[in-house]
Amino acid sequence: MKAFLSLVFILLSSSSYATEQAEQLFNQLKPSLYQIKLIDKASGEKSSIGSGFQISNDGIIATNYHVISSYALHPKKYRIEYLDNQGNKGELSLQSVDVINDLALVRRTVTQEMKFFQLSQATPHKGEKLFSLGNPHDLGMIVVPGTYNGLKKESFNDRIHFTGSINSGMSGGPVVNKDAEVVGVNVATSGNSIGFLVPHDKLVTLYNNYLKTPPNSIEQQMAEQLMASQNKLITAILDSPWQAKQLGENAIIPIIDVPFIRCWGDSNADKADALILTAVANCSLDENTYISSRFFTGSMEIEFRTMQAKDIGANKFYHLYQQQISRAGAGNRADKENVTEFQCHNDLVMPDNQAINNKSIFCTRAYKKFPDLFDVLYLSASVDKDNQAIVSHFTIAGISQPNALAFTRQFMEAVSWK
Amino acid sequence: MEVKSMEIEGSEVVAESIKVKEIIIEEISRNHKLLHRHKLSQQQIHIGRDYHNDIILADPHICPSHLSIEQVNGQWQITDNQTVNGSFIENVNEKKHVADRHIINDGDVITLGKSQLRILFTDHPVEPTLAFSPFESFINLMRHPIALLLSIALFTLIAGGVFYLNTPKDVNFSQLLVPTIGMALGFALWPAGVALVSHLSKHDARIMTQLGISFAFFNLMWFSDFLESIITFNSASGSIAPLFVMFTSIVLAFSLFWLNGYIGFHMSSKRRIIVAASITLLLFGGSYLVQYSKKPEFNPRPQYDATIMMPSFLITSSASVDDFIEDSSKLFDKTKEETLKK
């Protein structure tokens, strides 16, 4: 009994200690915390909100790119405003962005030196208690305690896995350790207390680069970042081993051995009445670069499908097979403002090893604001066996022409019959 | 031309003293379709609603003794008997005028009441004889009950086959029967409709012939579709071969409509070509317009040709990966040009 009581006491005391700590931290930090609003100039009303925090004494505020994305793309339509803890408002100017890591730097005018957040020198250790700050749903500044759970696995661009509820509106808010040093920036949530943070070192890099050479044009800066990011990604993919793997009974497909591409599989082996036995392997890059609410890029999907006819003739098999391949779509969301329509080429293609004969389709569309970046789609359907088929397909968003062609070539040569 | 006809009339005057000239009176409908034709050889012709007349017209707007036509000095003259609604000469290139005392010319049209009469003389020129078109034997073949039955059966069989091939489930015979027969009946509506229209416009309906011809062409269109699939499957994008096949299907449609017109209606060959061309244009242009109007302002989905067929239909050799990459790389410049367009 005694032991039980003491246990309760420990629990109570530790939780009250945490609350006290959070409260103390919040009071200490709140003068440097801001709510950031995008105001539509024509209507005078806010069109999006987020959070931000000051990182220098001369008024540089860090937030998420996606909080101010509308302004970055349409600077004439919006203005950016801050609201501090005392209810003061003022205008902000956009200084620099990191579109890949979803960060942005804005500047407020300051009359005197101000308090600001210290950026941490070290990464937290697993299980460390962290505090996320922000203004969820325009309800007022809050502090949310949570736990550092390391970097998200299988992620091409590092994200901290934070156990604690982050809600919309907290985007761009800082996450601090118990010493009030920033270790990350709120960026996304996948519900049920699973939150994601941009590691603080990305912010440090962005800020240092900004101090060295401020960007001339935000759009050009974004274009460069997108170009560099896809170069890094495709180089990593082309340099990794592509393992030949069997799919279904007779197909050989490549599995790209990099941690950030994850694969899933399915088949209809359990459906007794299916006319075609299908096995599907689906691999994708779990990455999606936000440009605007109607335009995402940076994603990649790969799909392989094998089909085996059961009790139907070749003619019917090919009719049903054609229905399967006639409706491929882009892997990313994009609109007229940002991309052209797709243009496609198709032909019958046999690799030099003559291991397969395919009808191959290649489509691409160009980005309007970011020169030399494209979305590509490839779809190939084998046409050399009467009652078996392999479909190989990929989409890549935001890729340069040489990278797209190099990847396509390697991909085409990696799919074959056993 | 006019001088010549005067001369002919002059020579007629000489002949008249010997015997009474013959005259042809045609009752025609408002749109100049022939209803009745009378050939008369008498000095005086009475026209009206009562039963004394030589030509009895039932039109209630015509008086019992409406008008008479009389041969005087080799010429025919109209006398209107002070009728309630009058009589008028209504020729194509003349103003409408009162018919009383009018000297009749060949081809004059007299309006009385709501009816019309056309007066012709025996020397009225006629159209040259229409030769049978070379399609006549084909038409006669297709009209034959056995040929008709065969082409409908073939059509139904193909329709059933297409349904079967495109159904992703197991289907039995009776499940195929309903849509197939429905489709055959649906396609029979066209020849039936054409036959109905030709019947209503006082032509021969000739429904068997229309059915025979139409189904023969529907089968040809199935075949051209099939040919189109094979060609698209075997050719790379940008090839012009599929365009030829598209052209074939337009020609087929035009020929069908031309034959429908030839069978169902008497019209000049020029007019028949215009009618057939208009229907073809309506069909293809209309379906293009429908597609065009449905097309969204911006299509986020790629539009590509996914035609695949079983390996037996694969007749060309395949390109190499290098060629494919080379051809695909051209797309990048094309889309980049698009971005420059505003």
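Helices (H or I, at least four residues) and strands (E, at least two) are DSSP runs, numbered from the N terminus, and with that convention chain A has 6 helices and 25 strands. This is a predicted model, in which local features need pLDDT of at least 70 and side-chain atom pairs count only at pLDDT 80 or more, while totals for chains, interfaces and linings use all residues. Residues are numbered from 1 along each chain as its sequence is written, and chains are lettered from A and ligands numbered from 1 in the order in which they are written.

**Stop 1: chain A as a whole**

Select chain A, whose C-alpha trace spans about 80 × 70 × 40 Å along its principal axes. Of its 418 residues, 45% count as buried; a residue is buried if 20 or more other C-beta atoms lie within 10 Å of its own, exposed if 12 or fewer, and partly exposed in between, with C-beta atoms placed from the backbone. Two residues are in contact if their C-beta atoms, placed from the backbone, lie within 7 Å, and among contacts in chain A between residues at least 6 apart in sequence, 62% join residues at least 24 apart.

**Stop 2: helix α6 of chain A**

Next, select residues 401-414 of chain A, which form helix α6. The expected span of a helix is 1.5 Å times one less than its number of residues, so the 14 residues of α6(A) should span 20 Å, in agreement with the 20 Å between its end C-alpha atoms. Show the side chains of Q401(A), N403(A), A404(A), F407(A), T408(A), F411(A) and M412(A), which are the buried residues to look for in α6(A). These residues cover an arc of only 160° around the axis, which puts them on the same side of α6(A); the arc is that of the directions from the helix axis to the C-beta atoms. An α-helix has 3.6 residues a turn, so residues three or four places apart point the same way.

Now bring in what covers these buried residues, which includes α4 (218-239), β21 (343-349), β22 (358-366), β23 (374-382) and β24 (388-399) of chain A together with α8 of chain B. Within helix α4 of chain A, centre the view on I234(A). This residue is partly exposed, with 19 other C-beta atoms within 10 Å. Leaving aside residues up to four places away in sequence, I234(A) touches I399(A), N403(A) and F407(A).

**Stop 3: where the chains meet**

Select the residues of chain B that are in contact with chain A: 40 residues of chain B are in contact with 54 residues of chain A. On the side of chain B that touches chain A, the elements giving two or more residues are α3 (145-166) and α8 (321-340) of chain B, and α8(B) gives the most, with 13 residues. The residues on this side divide into 20 nonpolar, 12 polar and 8 charged, where Ala, Val, Leu, Ile, Met, Phe, Trp, Tyr, Cys and Pro count as nonpolar, Asp, Glu, Lys and Arg as charged, and the others, Gly among them, as polar.

**Stop 4: chain B as a whole**

Widen the selection to chain B, in which there are 8 helices and 10 strands. The radius of gyration of chain B is 32 Å, well over the 20 Å that the globule rule gives for 342 residues, so chain B is more spread out than a compact globule; the radius is taken over C-alpha atoms, and the rule is 2.2 Å times the number of residues to the power 0.38. Its C-alpha trace spans about 95 × 55 × 35 Å along the principal axes, and buried residues make up 19% of the chain.

**Stop 5: the open sheet of chain B**

Colour the 6 strands that form an open sheet in chain B, in the order β2-β1-β10-β9-β7-β8 and with antiparallel pairing; two strands pair if DSSP finds at least two bridges between them. Strands β2 (34-40) and β8 (97-98) stand at the edges, each with a single partner strand, so one side of each is left without a neighbour in the sheet.

Moving inward, 6 bridges join β1 (residues 23-28) to β10 (residues 115-121) of chain B, and here I24(B) stands opposite L120(B). A further 4 bridges join β9(B) to β10(B), with I110(B) opposite L117(B). In the hairpin of these two strands, which has 2 residues between them, G113(B) takes a positive phi near 60°. On the β7(B) side, I110(B) is also the bridge partner of I89(B).
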